[in-house]
Amino acid sequence: MMDSRTRTFQLSLAADLSWGAILTALLAGGAGVVLRLPPGFYGIAALLYLAIALPVIRHWPTNRDFGWANRATLARAALIVLLVSLAPFIATLGNWLWLYGSLCLLALILDGVDGAIARATHTCSAFGARFDMELDALFILGLCIAVLALGKAGTWVLALGLMRYAFVAAGHWLDFMKRPLPESFRRKTVCVWQVVTLMIAILPVTSTTFATWTLATALALLCYSFLTDLRWLYQSGRQP
């Protein structure tokens, strides 16, 4: 009886990705109509959702329920796709920029929801952690693009969003970088500082000078954090 009831609440992976696509389309469509955005905005949103869905299809078993924690992450993915797609056009938002900043704060707050659900339902997994991490990386890159589009910092600000992707890419050639990293309060603190400074930088009341100095500090801390992890990976990789 219990198994039968459990199965009734299960959705196929295709169904989960479909409602995620519908939610993304509704958010992007609503923003596009209200803000009168060019067709390129819709193309970016479609490509971003596809870039999220394809790895999920590849790595998640089709005969296994996606789980409520991953569904919460997928819902947040729709919001992040909207924010990142808007980033190149952020200079045209005008007073809507305050709403954009509020949605960024909402995306940051929702970051902890999926983890709480996973712990409550005892469904924590490496896939869920990686899914959440990749969305965080995309969100940060989108904020970097927004800051650049607003002219609050130079092209160097993109390093805040691209450094993690460079780290992952280097792991394909350097075997010692493929080792899992231990939990780190330092790493989490630097990540939060990175996101917060980027979010503050996009606000209309933030001056270019203040944004530049705080973001430069965030970049310095991020470089230090990556170098610390690289040193640990290299030393542990040399051990027998």
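A residue is termed buried when its relative accessible area is under 20%. The legends below refer to a predicted model.

**Figure 1. Buried face and span of helix H2 (13-35).** Within H2, the buried residues are Leu13, Asp16, Leu17, Gly20, Thr24, Ala28, Ala31 and Gly32. These buried residues pack against H3 and H4. The spacing of such positions can be read against helix geometry: an α-helix has 3.6 residues a turn, so residues three or four places apart point the same way. H2 comprises 23 residues and extends 33 Å from its first C-alpha to its last, close to the 33 Å expected at 1.5 Å a residue.

**Figure 2. Helix H4 within its surroundings.** Of the 19 residues of H4, 16 are buried, so this helix is largely enclosed by the rest of the structure. The distance from the first C-alpha of H4 to its last is 28 Å, close to the 27 Å expected at 1.5 Å a residue. A charged side chain is also shown in this legend's view: Arg71 lies over the face of Trp68, 4.6 Å from the ring centre.

**Figure 3. The aromatic pair of Phe41 and Phe89.** The model contains 9 aromatic pairs. In the pair formed by Phe41 and Phe89, the ring centres are 6.4 Å apart and the planes meet at 80°, an edge-to-face arrangement. Phe41 belongs to helix H3 (residues 39-59), whereas Phe89 lies in the loop between helix H4 (68-86) and helix H5 (97-109); the pair therefore ties together parts that are 48 residues apart in sequence. Phe41 is buried, at 0% relative accessibility, and Phe89 is likewise buried, with a relative accessible area of 18%.

**Figure 4. The aromatic cluster that includes Trp60 and Phe66.** The planes of the Trp60 and Phe66 rings stand at 90° with their centres 5.4 Å apart, so this pair is edge-to-face. Trp60 is buried at 5% relative accessibility, and Phe66 is buried with a relative accessible area of 2%. Ring pairs join Trp60 and Phe66 with Phe127 and Phe131 in a cluster.

**Figure 5. The largest nonpolar core and the contacts of Tyr100.** This core holds 60 residues, and the members that touch the most others are Tyr100, Leu160 and Leu198. Two or more core residues come from each of helix H2 (13-35), H3, H4, H5, helix H7 (126-149), helix H8 (159-170), helix H9 (185-201) and helix H10 (208-238). H7 supplies the largest share, 10 residues. Leaving aside residues up to four places away in sequence, Tyr100 touches Leu83, Leu86, Ala87, Ile90, Leu93, Ala146 and Ile202. As general background, nonpolar side chains tend to be buried together in soluble globular proteins.

**Figure 6. Positive phi at Arg36 and His122.** Most residues other than glycine have a negative phi. Arg36, which is not a glycine, nevertheless has a positive phi of about 55°. Arg36 comes just after H2, in the loop between H2 and H3, and is exposed with a relative accessible area of 76%. His122, also not a glycine, has a positive phi of about 55°. The position of His122 is in the loop between helix H6 (113-120) and H7, and at 74% relative accessibility His122 counts as exposed.

Technical notes. Residues numbered from 1 in each chain as written. Predicted model: local features only at pLDDT ≥ 70, side-chain atom pairs only at ≥ 80, totals over all residues. Heavy atoms only, no water. Phe/Tyr/Trp six-rings, centres within 6.5 Å; stacked < 30°, edge-to-face > 60°. Helix = DSSP H or I, 4+ residues; strand = E, 2+ residues; numbered from the N terminus. Buried < 20%, exposed > 50% of the residue type's maximum accessible area, 1.4 Å probe, protein only. Lys NZ or Arg CZ within 6 Å of the ring centre and 35° of its normal. Core = buried A, V, L, I, M, F, W, Y, C linked by side-chain atoms within 4.5 Å. Contact = heavy atoms within 4.5 Å. Expected span 1.5 Å × (residues − 1).
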